[in-house]
Every structure is written in structure tokens, then in C-alpha cells.
Amino acid sequence: MNVMKNMTKRQQPHEEVPAKKLRLTKPSKSAALHIDLCKATNPTDALQYLLSFARKPVEAESVEGVVRILLEHYYKEVDNSVRLKIASLLGLLSKTPGFSPDCIVDDVISTLSNDKSNQVLAQLLDTLLVIGTQLPENTAVTQRLIEVACKHLNSTYFGVRNKCLQLLGCLGTVDKPLTKESEAGTSIAPLRDVQNLISDYFGDQDPRVRTASIKAMLQLHGRGMKLQQTAYSQACKLLNDDYEQVRSAAVQMVWVLSQLYPESIVPIPSSNEEIRLIDDSFGKICHMVSDGSWMVRVQAAKLLGSMQQVSPHFLEQTLDKKLMSDLRRKRTAHERAKELYASGEFSSGRKWADDAPKEKVDTSGVNLIDSGACGAFVHGLEDEMYEVRIAAVEALCSLAQSSPSFAEKCLDFLVDMFNDEIEEVRLQSIHALRQISTHITLREDQLDTVLAVLEDSSRDIREALHELLCYTNVSTKECIQLALLELLKNLTKYPTDRNSVWKCLKFLGARHPTLVLPSVPELLSTHPYFDTPEPDMDDPAYIAVLVLVFNAAKSCPTMPALFSDHTFRHYAYLRDSLSHLVPHLRLPGRKQTAVLGSELSEVGSGSLESAQQFLQESLVRVSTLQNLDSPGAQDLLDFTIRDLKRLGELQTELAGSADFCATYLHCQLLLMKALQEKLWNMAVPLCLKQNAMASTAAQQILEETYKLEFLYSGLETRQVATIHNVRLQAKALQLILTARTKRGSPLIGLCEKFLQEVELFQRLFMSELPHFQDSFVEKLLELMPRLVACKPLDLVKILQTTLRQSRFIHLKLPEQIHRASATIIEPTGESDNPLRFTSGLVVALDIDATLEHVQDPQTTVKVQVGVLYPDGQSHIIHPKPGDFRTPGPGRVRLITQVYLSHSAWTEPCQIEVRLLLAYSSSSSRLAAPKPAWNESTEGLPTSESSVEGTINLSKPVKVFIMPKPARR
Amino acid sequence: MPDIKVTPLGAGQDVGRSCILVSVGGKNIMLDCGMHMGYNDDRRFPDFSYITQNGRLTDFLDCVIISHFHLDHCGALPYMSEMVGYDGPIYMTHPTKAICPILLEDFRKITVDKKGETNFFTSQMIKDCMKKVVPLNLHQTVQVDDELEIKAYYAGHVLGAAMVLIKVGSESVVYTGDYNMTPDRHLGAAWIDKCRPDILISESTYATTIRDSKRCRERDFLKKVHETIERGGKVLIPVFALGRAQELCILLETFWYRMNLKAPIYFSTGLTEKANHYYKLFITWTNQKIRKTFVQRNMFEFKHIKAFDRSYADNPGPMVVFATPGMLHAGQSLQIFKKWAGNEKNMVIMPGYCVQGTVGHKILNGQKKLEMEGRATLEVKLQVEYMSFSAHADAKGIMQLIRMAEPRNMLLVHGEAKKMEFLKDKIEQEFSISCYMPANGETTTVTTNPSVPVDISLNLLKREMALGGPLPDPKKPRTMHGTLIMKDSSLRLVSPEQALKELGLSEHQLRFTCRVHLQDPHSDSDTLSRIYSHLKSVLKGYAVQHLPDGTVMVESIVLKVSSSGEDPNLKVILLSWSYQVNVENFLATVSLFWIRVIMQL
């Protein structure tokens, strides 16, 4: 026991120091405060002392002492501001972690009943609120606090009422009705619950109190209490309040109630009809979209999006503005466009007095003020503030997703938003349209408007639009031609969009094979009698056309008959070079490729389930290996790994899982090899070679485990724990090897570190431990007391036996595992022209890359750009958060600029650019005290893959650069 | 009863020559002082002789307020102030003050120099007039004199357009000028707080129109321009120098930037450049986008738009030209039109209304051959497009403003009578407020119900609040106990004690007494003690005392027992209470009741 104490003491020297300090400061902190406060001759001084005191943190143990002193001073103090500060300090102190504030509740409540100043009262209530939220379980305290709140509710000062309502909102319970007996005198007051009490203050004279009362209600709702429907009419009244914060809160309240009681029936005032509550509230919130305050408008527009139960009749009103000109009904431009389209007449543009109204409107029938939802979105989308417009677009989108007919109707409005003055709004509306595009088919005139945006100079907009076109359904073959034409135009204007345009055409072709079919001869410019010149194979526009045609041909077997000879040749070439864009086709007379291809595709399509099964079976097979030493185990592992790798190649859906398993098994295999019998029975000097082998194996396993942990997304805690187990094994192996080769002092440090890691494992994966029976970790944890006490050499010995006896853990696969990957699209690395710049100055290199399945590229793991110069210098560049864009789920686009600089070279040379994944796990942080992602590891001599804490994410791309000496 | 009088001198059931007289709370205010574009004689200015037959207006007007710089709202200003004579303050916003003299000078030049009119105001008069102007800021309350205050609100429409709230005491009037409730490319939407004026004087140009979304029109406009440019054609856009021109410029400028277009855009020089300068300066008056981005780039510093030179019209290749005037009736726009009319690739876009008789009106109506001066005919082959970019509130916008301001009465001006009629009905129907639409020279009188402010002592107020149980409902009137003192011209509400003290009066107490006859054989003191013990047992929670002088006190109610002379058994119980608080009344009744109960025993 003694030894152990000794050890821990020596182990954690840095932790001991603060502990000591803590003991020293405990009495002095409160004492110092006391002295300071006594010294203070006037309130200003006292206030100064308190302010400076508030800046320093107080330890949990000394909080109570400090509180006592503060209270003591409080009673003596006459000045309001000092008392106020003390009250606020009490609140702050009771938030200190580790301090239980229930001991000061009484004091605070008693001061509350004695104080006269309203501000101080409000602050004291605030302190109570803090205490109350700190002690949610203590019902006695809660009950008392509620009583206190009720008592002060009829204060004349708004702040006190505010705080009381807040208290009620945070702590009040619905199930227990309140007695108002504590309230002065009259015992006639009936039993009332918190909601009733709070709702009394909906009509308070002070807008701040009205807001607080609504907020308190919302707080109650947030805490899972069901609000009563009676509050609805009150909330609706508050929608017409003079103050914006009240209206804003009221809108929320109405929304909450509409979600709680969507189907209950409410009467329409001034008529004897009744409607569903959700419809009524929808109309009311719609009304708020044209409120005077833009904050309220944003809120209303946002909330509309989540009211999906509203009846379609009301929903469609939101897009209807009832156009009228000189008392005659006028058709909207949208309606006119639709009619033109329906009648087949081509738009000749609008003429003077073209919107001549058709039918005379009955004057009494025109309702100028919208009774409800009428035109809410029309207003919202035309709003002055772009925040409102964005909110409206979002709401429109989410409503349209749940209602196809509404989606059809709002299409025109979304398309109109493509012309907004703010790019963010345009982008948002393109995204919105993409999300609802499954419901809709674009008409030609709509497509025309959509396609006009392709010329936008903003790359984001264009790419969003390409993405949209991927999902778009169009109605006629003219539409396809139009789209192709515009995309080709886009391609010539912005050649960098190549990949995106091709991809877009791939989907467009695959979606509309029958519409592409009639225009194939035209597209490929073939002629029935004459041979046409063979187009240039390197022309991006021609490739674009081919991508469209081939993808259409995939589901249209008659199409290949229209191809000319060179088309087939080009197909073979493109199938090879751009296999992700060009699908496999069954071409007549091309048996040999077809057979192989069809086999592949059959494996691909039909047998996902069987592949899954195969994967499971392999894992089961492997899991039967109880002992790593058993004969044939190695072979089995070897084969399984091979199988899994192949499976991953064949079955893209399972690639992540298969790779994951293969890597994991590979780790096991390495471990197994390293632990082979003969190695350990020999004397150390005799097996230097084996030692080296084992240590590289250990190193490799470590690296692999980091990959396993950070490169794959979709892992559950259990898998992570398994990986950590393997890592611990590898570390143990390393430790043993070090112990065997080197003797002396460093071993102690290493042992301590190892034990810390074991502890860490226990802390992190406590819940997962039951799954780890007979595993290395479990055994270690069992032996932990012994391990801690024993000498390093003994420890090593124990480790050695445990390591060799421990069981192989069966890997359980989660639903979906994806392997993170990245491809650098730009630079392509094909250019022969070096990038020239003056040495010593900086040149910017544009990087464009797509990341797939990278879990949250900015927070948990960090994607970085690594640049390796020919002289071995390496730089790591951190892209800005704004450089990451998310075009779709699981995909991230990184568009950034990398600044390169170097001293002069005589020849142009290639530098390597690659994407790296920097990870930060708590364990690795412990292992390497220096963080691996310091700003730039300049001049760090690094070999291929040994950048600390990073994993290679993409293949390196070589870029020619040529720093020239500056001319003088 | 006090009332507010509104008399339009112009713009009553009419568009143009806006000039409205308002007298409120004894103050006379002139709202706008515009001219009529349609007349060239005396009718173009408002009839100021309505105010006074001879002499200056200064004595009759407290102030003049100009809503924005359009000539139909400020065109008669120098005439009124310098030629008729007015020396009082003229209020307008900063941008209006900056731009208004430019337009007035331009107008003067055209009428005097070109048309050769005499008896018109001079440049010096414009300058002198401008010296009398007091600039206004948005939401700034300006005290014209001790009682009259005005406050400006943002109105959209054009740069610097404002709505004004005029307030005298508790009576108030809002005048909107021209306003726009939908934002456009360079200006925001009009906004007003819930000021609940007695009268809201609103324009009603589009009283019977509900307009299509602005974005459709913009998109159509851009599409047409773009298509023509791509064909290699030229686009002519005739505009008036200020207002819409800037909006269209911004629209094209951003479109050019977005689409990376290279074709040149020209703007005919002159007045416009000076005006553009002011647009650059008054960024705070523009919309959100321009206000937020001007640090990076001022939207009015056009990159793609250059000054036009006459020789450019013959340049080959596509181009877009903005040229004045807007109706193609004269000047540069007509010259360019003549040059380009023959080519069907070209296009002319009319962004606004065209008066009958102008070339613009003719071509919009599809005329293909135009007779020019000198018997020459011009064949119109180019495409003619019409696109309305008007910045007035439509019927829905007007309704929205009414909802925002919640006025007690409504008054419509600046619109056609027939359309106003329709809107008037609608307003009366939907808001159930009365709505007026006076013609020029017709006076509308609205009776107001002004609130009379009374000072109340804080102590009294607090005491009353403390009495009243739960907090008072702000929406409901409440009775309270106090004394109203009217002294000189001040009204004060004080507590009765204080009132007595101030007025040097002594307090009189009123006591109610009541006799109850009771058959009781006991002696007087016994009866009293019986009553006492009974009341004590019944009225728990109240102070019931038996005083040594032979009385019983229940709170402040005194009970005495005496036997009548004739019948010793017949006791007379005397109850006496002061008229003060309800509780005691109640108690007295309760006491009586219980005594009667005892009696029956």
C-alpha cells in the first residue's frame, strides 16, 4: 500500500501541486475576502473588491465558507448595488461544480423576505433560480422555491415578477396543484396549478412580464409538461400585442399548442363555423409573416415549415395572392406561362396591356385583408430582409416535402427565388428545389428559368444547380436538349465545371432514356447515308454528350443500334478512362467484354444479401479461433482477409464493412505472428531479427488501429472499444519488447503510461466491459491492483503471459460502416507547365477535392492539406471552415487555396499534395504531449507516412512548380 | 369637441400637385407642395389663395413638410415660399433636401429656358427657398414649437421618401406621401410603428390593384435584355433620371456581375450622375443588401455602367443604354430610338407609364409606322416591351399599412376618385373605421376625443395599486378614490387628505346611525355584554371591543344600548358607523343582522 502511494505520488507530480495549493488557499480565500470587505469603507470600494473577487474561480470546498462571509456582509450592507452584487455572486458560486447549494437555500430565502430593494429582490430570485436548477431532484427545495415565487408574483416591480415567472417556468410542476395560501390574507383563493397562475400574467401591464410569462409557459412545455388548450385563445390575443418580443414569444406559443392539439376544434369568431386548431393557428402564424417586426417575421416563417398536419386547402392559400388590376382579376405571370405551355403556343413575350384582365371582379367578393393563410409565402419570399426570405424558402421546402401537390404549386415561387439579390438565398432555394424534386416534373419554361442560372459566376450556385439537375425530372425531349445545350454552354464558359457537368449529364441520361432516344442521331451527328467526321475524343463537350447518351442507353437496348462505329470505340475508351461516368452496356457483337461485365454486374446487383451473409459467415468462422496459437489459425486469417478484401472490391455497398473487418483481422494476424512461441523462448541477443520484426508489427498495428478508429464512420462504442483493446495489446507488446532489449530507468515511465491507458480504457468503455470476457483488457483490469503495486519487470512478465493467453475478440459489425476517402479533383497532376513564381514569395494553388464519409471534417477529425517538397520539407495547411461545403449527405467538398513558397530551384520539380486526416483521441493526446496539429510542422523531417497523428486520406497529386530567383 | 380639419389643395381625388392642409390642435400644417405635370398654366400650382387672399402665408402656416423629391410633391415649393411668401420652417429628409434643388433647377430650366415662360421662379429663389429647409432624420422627433412635433418614418418609394407623424398634444395625423410596401433592388419597404393616429392620410395610386410578385417582372426584364444581348442586339431603356433608373441600373449591374457579361451598359449623362452621387452618399436610406455590402463595394459605384456619349449609339455590337426622358417624347432617348428602330434585333423596354400622344404610347400600342417631323416616317421594326416597375403600394400594401398603424380614421388622397371609392368601401368594411376622400378644396372634419392629462401623485397611485389585490388589467378602466383639483390650467388628482390640506378646508365626518329595538329583560349592561359576546363569537377575525364607557366597538362601528323610558324591557340599540370603506358598511350590516338574530331569540 505504501509503495503504491509512493508510486502514484511520483507518477503525478503535476497533479499534486494544485492539490497542495488548494489546501493552502481554502482558508485564505474566504479570509482574504472577509478582510477585504471589512476594509472597504464605502460601497464603491466594496463593490470593487467583489468585482475582482468574482473574476477568480473558487474551489468547491471553500464555496461554503465564502458564501457565509458574503451573507454576513450582506446583512450589514446598506448600499443596494453591493447587495445586488453579493446576490449575483451567490448565484455564481452555487454553480460551482461539486458544491451542493441546498445549504444556502434557507439563507437566500430569508434575505429575500427582508430585503426592500426591488432590484436586489430580482437578483435574489435569480440566485434562487440558479440554485433550483442545480437541484432538480430535491422536491422539497423546489416546492419552497415555488412558494417563494408565488409570494412575490404580485410585486410592483417588473423585474421581480419576471424572475418569479421564470422560476415557475423552470421549476413548476403541473401534477401538483399549488395552493396560494402563502399569499397574503385571503384564504378563499382556490387551488390553482402553475399554468393557470402563469397565464394570469399574459395580461400584465408590462410587456417584459408578458414575455416572461409566455416564455415560462414554453419552458414548462420544454420540460415535458402538457400545456392546457385554454391557453390557446390567450396566446392568439397576444399575437396582436404592441411589443415585438411579446408577439415573438406568442407566435411560438401558438405553434406549440398547435402541435399539441392539432385536431381539436376551435370556433371562428364572428361566424358559427369551426375549424381544426392546427388550421386556425396556421392561418394566424401566416398572418404574422407580414408583421411589422422582422424578428417576428423570421420566427413565423420558420415555424410554418414544421406545421405539416395543416390541411392542403389552407396550405395552398399561402401561395395565392389573388391578383387584381383595376378591379379585374388578372392572371399571374405563372398562370399565364402555364397556359401558354398547355396550349402549345410559344411565348412571344409580354406586350403592353397584355395582362389585360379577363373577368370583372365582384367588388364585394374581393377580400383585401387576408383572413388567414392567404399569400403568406408570397409575402415572405418578397420580404425586405433576407433572413425572412431564407426562412420562408426553408419552410416552403419542408412543407413541400410532405405534400406533393403543394410541391407542384410552390415550384414557380422557388424558381423565382433563383433570381434573388443575395447569393445565400439563391443557393438555399436551389437546395430546396433539389430536396423536393422527387415530387415534381419541370415544365419547359420553368426549366428555362432554372437553366439560366447556369451562367452564374458563383461556383457554388452552379454546382448546386448541377446537383439539382441530377435529380430533376423533365417532361419533353426539348427539355433534354435545352438542358444539354445550356450545360455545354456552361462548360465552355467555365471549363473547371467539367466533372460536375459530366456527372449531371450522367444522371440526366439515366433518368430519361426514352426522351434521349429520339434525339440520339442529332446528338451524335450521325447521318443515315453519309459518314460524318469523327469528333475529337478529347473535347469535353463531346464527352459530355457521350456520357448522356451512354447512360440513357443503359436502360434502352435499342439505342446502340443508332451508334456509328467510332462511337463504339469511344465507348470502350470512356468505359476505361471514366468508368464512374460511363456504365456498362450490353453491346451487340461485343461478347467477350459483355460476359465479364455482366458477371460483374450480376454480382453487383443481385447478391447484396448473399454478400452480407458471406461477410457474416467469414467473421463467424474466424471467431471460432479461440486461441491464437492453434494450428491453421494463421492460414484461416490469411484467407479470410483475402476474401474480405475481394468482397470489398466487388460489392461497393459493403466495401466499408469488409475493409474494416479485413484491417481488423490483419491486426490480429500481425499480433499473432509477433507472439509466436519460438520468439519468446529464446534468449534476447539471439533473436534480434525477430525482435525487429515484432516491433515493426507492433508499430503497424498501432497505425492500423488509428485508421480503424478514425477513418471509418458509423462505428458504435463497442467497436471503438474493440479497437482500443487491440491497441492496448500492441502497446503491451511494445512495452515487452522494450523491456527485453533495453534495461533501466525509462521502463518505469513507460509502465506508468501504459497503466494510465488501461485506466482510461476502463473509464471510457465502462458500459462495454461485459462484452469483453476473457479479453486482454478484462484480464488486465482484473490484475490491476497487482499491476499497480508490482515492479516494472514483474509487470512486463505479467503482461507477457496475459497477452499470450488472451482470447481473440469476435468482431460484431454495426449496420453500416463507411470508409472515409478523398479524391483531389484539382490539380490533376497532368499538367506539364510548371507553376512559376518568384522564390521567397507565395503562390496560391487551387485545391478542389471531394471527401466521402468523413465524419464531421471540422471538429472531431481535421482534414488538412499536406505539401511535400522535393527536398523533404513538408507543410501542413489547415483549410478554413468556410472552405468545406456539403453538397449532399456523407459528402463534403473542399475548395481551398494552398499557399506554396520555396527558395529558388534551378529546374522545375514536382511537389506532392495530399489530403491528411488529423485525429485527436484522448489516448493519443496522452501519448504525445505535444499536440500533433500545431499550426505548421515546418521543416520537420518526415518520411512517407509518419506525420504524427495523421492518416493519409487521398492519393498524392504531383504538381510541377518552379520557384525562380528574383530578378534584381 | 376638438377636431382635425384636412383640406387637400391638390391630390384630392387626383394624382399630381400634392398639397394638403391640416389643422390639428390649433396648428396649421401644409403637407407637400407639388405641381401638376399635366398643366402649363396657373393650374399647375396649388391655389394658395385658399389660405389667404393677399399677403404672406407665414402667419397662417406653422410649418411645411415635404415627403419626397418628386416634383408633384415639391415642385411648387419655391413659388410658394418666395413668390407667395412663406418664411416658416420647411421640413424634409436629408436626401430630399439634397436632390430636390437639382430637380427644381432642371424643371426651371425646361420651363424658362426652353419654353420661354416668364413669371417663374429663378435659381436664386430655389436657393433662398432651400435655406428655409430644416432637415429631418428617420425616427427623430422634431419639436416645431412647444406643442407641435413631427417624426419621420421610412417610406420606400424613392431615396429619402418619408412618412410623417404630426402630433399636437394627444391628437395626431400621419401623412404617408408616396410609399411602397414591397422592397425593391435598392430601397426597403415602408414601415411605421403602432402609433394609432387620429387620421391616416394615405396615397392610393393603386387602390384597385394587387400586384404580381416583383421577382417575376425582374426575371422577365433580365431575360429579355439578356436574350437581345446574346443575339447581338441593342437595348434602349428610356427612363426618368431618378428613382426607377437607379433600381434598373442595380438590377442590370448585379446581373452582369453574376452572369459575367461583357456587353457595355451606358447611362446618359447630366443630371443622373449628380443624383447617383447622392445615392452613394445616402446608403443608410437604401435596403438591407446595399447597406450591408457597401463596405466592400458601394452598389451605386457601377462597374459595368458607363457614361453615354452621343457617338456610342452608332457603335457596332450589343449594348444597353439608359436614356432620358422616359416617354420617348423628346431628347436623347428619342434620338437613339430613331437610330435603332429599323433593326429587328434591337429592343426598347418601357419601364413605366406613357402618356397618350407620346412616341412611347404609340409604339406600346403596336404602331409600326411613326410620323416624324418633316413628313418623314419611321418604320418600327425593333421589339417593344413593357415592364412596370412602379414603386407605389398596391391595395394590399395600403391595407397592411393600416394594420400597422391602426388609425382611428382614414383619408385617401393621390388617386383616382373611382378607385378610391372602392378602397374606401373595403377599408370601412374590414377595419370598421370611417374613411374619407375629399376632393380638392373640400374640407374634411374629424372629431377627436383627446385624452386630458391629469397629474396624479405617486403616493396615491401606489396606495391604490396596493389596495387592488392582483395587478390591474391595463386594458380595463378602474375606479379609484381621490380628489380632482382644477387650478389654473393644471389638473391634479390627489388624495382627499392632501386636497383638504391644500384647500385649507376641514374634514367633515358623516356618520350613519340606526336604531334597533329589542325586547330584552336584562339590564342595559347585560344586554350589551350579551351582544358583545355574541358578536365576538360570530365575527371572528375582526376587532370587537367592549369599552369601559358602555359601548361596543366592532372595528369603527359603535354600538350603544339604552332602555327606553316607558318599557324597561324594550332596549334601544344604537348603531353608528362612518361612511368610509366598504368593509365597514359590510360590517355594519352584518352587525345589524346578528342583532336581529339575537332579537328573535
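User: What covers the buried residues of α32(A)?
Analyst: The cover includes α31 (608-623) and α33 (655-674) of chain A, going by contact, meaning heavy atoms within 4.5 Å. Bear in mind that this is a predicted model: local features need pLDDT of at least 70, side-chain atom pairs count only at pLDDT 80 or more, and totals for chains, interfaces and linings use all residues. As for bookkeeping, residues are numbered from 1 along each chain as its sequence is written, chains are lettered from A and ligands numbered from 1 in the order in which they are written, and side-chain values use heavy atoms, with hydrogens and water left out.

User: Which residues of α32(A) are buried?
Analyst: Ala633(A), Leu636(A), Leu637(A), Thr640(A), Ile641(A), Leu644(A), Leu647(A) and Gly648(A). Buried means under 20% relative accessible area, exposed over 50%, and partly exposed in between (1.4 Å probe, protein chains only).

User: Why say that the buried residues line one face of the helix?
Analyst: Look down the axis of α32(A): the buried residues fall within an arc of 130°, so they line one face. The arc is that of the directions from the helix axis to the C-beta atoms. On the other side, Arg642(A) and Glu649(A) are exposed.

User: What makes the span of α32(A) agree with 1.5 Å a residue?
Analyst: The helix (residues 633-650) has 18 residues, which should span 26 Å, and its end C-alpha atoms are 26 Å apart, so the two agree. The expected span is 1.5 Å times one less than the number of residues. Helices (H or I, at least four residues) and strands (E, at least two) are DSSP runs, numbered from the N terminus.

User: Why does Thr567(A) count as buried?
Analyst: Its relative accessibility is 0%, so Thr567(A) counts as buried. Thr567(A) is found in helix α29 (residues 565-577) of chain A. Leaving out residues up to four places away in sequence, Thr567(A) touches Leu524(A), Leu546(A) and Phe550(A).

User: How many residues has the largest nonpolar core?
Analyst: It has 178, and those with the most contacts inside it are Leu128(A), Met253(A) and Leu433(A). Helix α28 (residues 540-554) of chain A gives the most to this core, with eleven residues. A nonpolar core is a set of buried Ala, Val, Leu, Ile, Met, Phe, Trp, Tyr and Cys residues joined through side-chain atoms within 4.5 Å. Neighbours within four places in sequence aside, Met253(A) is in contact with Phe202(A), Ile214(A), Met217(A), Leu218(A), Leu227(A), Ala231(A) and Ala235(A). There's also a second, separate core of 131 residues, which includes Met30(B), Cys63(B), Ala76(B) and Tyr154(B).

User: Why are β26 and β27 of chain B said to stand at the edges?
Analyst: The open sheet has five strands in the order β26-β30-β29-β28-β27 (chain B), with antiparallel pairing. Each of β26 (511-519) and β27 has a single partner strand, so one side of each is left without a neighbour in the sheet. Two strands pair if DSSP finds at least two bridges between them.

User: What makes β27(B) and β28(B) a pair, and which residues stand opposite each other?
Analyst: Strands β27 (residues 544-547) and β28 (residues 551-554) of chain B have four bridges in the antiparallel sense, and the cut-off is at least two. Gln545(B) stands opposite Met553(B). The two strands form a hairpin with three residues between them, and Gly550(B) in the turn has a positive phi of about 85°.

User: How many bridges are there between β28(B) and β29?
Analyst: Four, again in the antiparallel sense, with β29 covering residues 557-563 of chain B. Val552(B) has Leu559(B) as its bridge partner, and Met553(B) has Val558(B). This hairpin has two residues between its strands, and Glu555(B) in the turn has a positive phi of about 50°.

User: What is the phi of Ser432(B), and is the residue buried or exposed?
Analyst: Phi is near 45°, a positive value in a residue other than glycine. Most residues other than glycine have a negative phi. At a relative accessible area of 64%, Ser432(B) is exposed. Ser432(B) sits in the loop between α12 (417-431) and β21 (434-436) of chain B.

User: Why is Asn260(B) called partly exposed?
Analyst: Its relative accessible area is 31%, which lies between the 20% and 50% cut-offs, so partly exposed is the right term. Asn260(B) has a positive phi too, near 60°, and its place is in the loop between α6 (244-259) and β13 (265-267) of chain B.
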